[in-house]
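Biologist: Hello! I am new to this structure and would love a close look at one part of it. Could you walk me through the open sheet and what packs on it?

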Amino acid sequence: MTEQSLTARSWLKTLATLERRRLYLAAFLGVLAGVQTVIIVVGVAWLVEQLVVFHQTPHQLVSVLALLALCVIGRGICQWGQEIISLEASLRIRRYARRQMLDKFWALGPVWLAYHQSGALATQAVENIEALDGYFSRFYTQLRIVSLLPLLILCVVLKLDYLVAIFLLISAPIIPLFMALVGMGAERVNRDQFAAVARLSAHFLDRVRGMATLQLFGRTQSAHKDVWWATDDYRQLSMRTLRLAFLSSAVLEFFASVAIAVVAMYVGFGLLGYIDYGPAASLTLFSGLAVLLLAPEFFQPLRTLSQHYHDRATALGAAESLVTILNESSIQRHAVIEPSNESIIAVLKDVSVEYATRGQVLGPVNLTVQKGDIIAISGPSGSGKSTLLALLAGFLSPSNGVLELMSPRYAWLDQQPALLHGSLADNLRLANPEADTAAMQWALDQAGLEALLSQLPDGMETLIGERGIGLSGGQAQRLALARIYLSEANFILLDEPTASLDRDTEKVVVRAMLEWAAQGRTLIMATHHPAAISAAKRHLDLRAGRLEEVRHEA
């Protein structure tokens with residue numbers, strides 16, 4: 001099955017095959033528990049007849065009582081085993097599905113992620129995958145139990161009274177029919193609910209991130225109302241889902257109860273002699289009580305399945321949104337064509353890039369990047385500078401043309417460095433997980449953070465927030481510079497590295513670029529800053545997606 005043809009049902013089926021042995025073992029234990037229930041029910045009916053009709057004493061029936069006690073214990077063990085094994089299978093499947101989603105995010109690359117809200121993606125990777133739990137731990141195994149256990153019970157009832165068996169056979173399809181009708185509506189409602197919770201997550205995260213801007217412009221009350229309306233919309237969808245679930249369960253319980261009541265009436269009137277048709281005339285206390293006790297057990301697997309049918313609808317709604325991402329075509333480079341000349345890092349031959357929503361944003365471009373080059377790329381906003389850097393970083397595949405690219409050690413620095421919640425050391429180790437304290441101290445000194453480090457009581461273990469909360473803009477940029485020092489990358493891409501910086505930090509960035517150039521590293525930067533351009537060996541101007549060499553004046 002190709003990635004493009006993936007559907008919610010086919011994906012769930014594929015996930016189930018990963019833990020087929022555990023799921024089938026859980027279903028087998030469920031059937032075994034049902035068989036022991038049948039033995040208990042028939043045994044109880046036989047004991048009642050022996051005690052009431054044949055006046056046997058409990059002492060004479062002790063062997064049968066012991067057998068029934070063993071069945072009760074065995075049934076409990078089987079039900080416990082079924083639950084434990086199915087939960088373990090569900091946990092393993094969800095781990096795989098979450099890993100598959102994260103691998104897909106990785107394959108789609110930073111450019112694709114930049115166009116999607118992180119709150120919605122987090123919901124996809126957490127909430128939607130957790131919503132698959134009920135489908136695999138309860139519904140999937142119960143569906144297998146339903147395909148066997150009612151047939152076994154029907155065979156026993158047929159042996160005791162074929163008229164009751166015929167009635168059970170006629171009434172049984174009513175429950176699956178209503179489950180299917182209810183399921184069609186529940187699946188749509190759950191799909192809408194998951195879309196709403198993804199929007200709500202993204203909406204709330206955006207407001208939290210923009211809290212400072214909202215306060216500056218006095219729009220906090222308006223944002224509060226927006227969040228309230230978004231949560232109220234989600235509340236209404238949740239109530240619709242719950243209402244549908246409760247109403248469907250009530251309807252199914254009603255039909256099962258009516259069927260059992262009819263069996264009870266038949267047995268009662270048959271034992272009283274009011275019905276003499278077919279096997280009714282030969283009804284005994286044993287056969288009548290046995291079929292009466294077996295009737296609820298016949299419907300119990302179907303009723304349990306109907307209770308878990310909502311889990312199926314929930315899983316389908318969640319899977320629908322997940323496979324939308326899994327079916328996305330990756331724009332990130334996969335196949336690598338390396339230049340034939342070892343002194344060349346990258347070669348672009350008539351390369352162009354197109355987006356489905358924006359059309360062509362770059363190209364055709366021809367460019368050769370030699371090892372040790374320092375290239376400054378300037379041009380108006382929207383001319384394609386960031387797209388060109390993304391191409392050179394391997395974040396994009398060209399729509400047309402040929403891209404030859406070596407696989408050096410990369411480093412990336414833009415206006416908003418990616419700093420994570422954690423200590424300064426944690427953020428530095430993103431570039432070099434094996435770096436020791438001395439190496440990190442040297443990198444921070446090179447980036448001009450020695451003064452800040454001396455003021456921090458916890459030193460490099462000082463915690464910072466996501467996106468560098470707790471640091472100024474200049475300090476965050478310097479921390480990102482320290483990461484590049486620590487990485488020893490030989491190919492450095494910089495996207496407006498000096499934008500919105502104070503003069504001192506700007507000097508530190510330019511000094512770092514000169515040092516990296518002196519070390520023989522290759523630098524390509526998108527910038528408008530004269531100081532950064534003057535530090536470059538080559539100056540390229542990008543306008544309307546086309547690249548032109550500008551004579552560089554020393």
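Modeller: Happy to help; what follows is a short tour of the sheet, with a brief stop at a pocket afterwards. Please keep in mind that this is a predicted model.

Let us start with the strands. The open sheet has 3 strands, in the order β2-β1-β4, and their pairing is antiparallel. Two of them, β2 (359-370) and β4 (400-405), are edge strands, each pairing on one side only. From one strand to the next, the twist averages 15 degrees.

Now look at how β1 and β2 come together. Strand β1 covers residues 344-355 and joins β2 through 8 bridges in the antiparallel sense. To find a place where you can see this pairing, go to A346, whose bridge partner in β2 is V369.

Next, add the helix. Helix α12, residues 385-393, packs on the sheet and touches β1, β2 and β4. The direction of α12 makes about 125 degrees with that of β1.

Finally, here is the pocket. The second largest pocket has a volume of about 480 Å³. Its lining is made of 22 residues, and Q79, Q82, Q142, I145 and T304 lie nearest the centre. Elements giving two or more residues to this lining are α2 (20-52), α3 (62-114), α5 (133-146), α6 (149-160) and α11 (285-326). Of these, α3 gives the most, with 6 residues. By character, the lining of the second largest pocket divides into 12 polar, 6 nonpolar and 4 charged residues.

Notes. Residues are numbered from 1 along each chain as its sequence is written. This is a predicted model: local features need pLDDT of at least 70, side-chain atom pairs count only at pLDDT 80 or more; totals for chains, interfaces and linings use all residues. Side-chain values use heavy atoms; hydrogens and water are left out. On a 1 Å grid over the protein atoms alone, a cavity is a set of points where a 1.4 Å probe fits but cannot get out, and a pocket is an open set with protein on both sides within 12 Å along at least five of seven lines; lining residues have an atom within 4 Å of a point. Grid points are joined across faces, edges and corners, and a volume is the space filled by probe spheres set on the points. Helices (H or I, at least four residues) and strands (E, at least two) are DSSP runs, numbered from the N terminus. Ala, Val, Leu, Ile, Met, Phe, Trp, Tyr, Cys and Pro count as nonpolar, Asp, Glu, Lys and Arg as charged, and the others, Gly among them, as polar. Two strands pair if DSSP finds at least two bridges between them. Axes are lines fitted to C-alpha atoms, for helices over the stretch in contact, and angles run from 0 to 180 degrees between N-to-C directions. Contact means heavy atoms within 4.5 Å.
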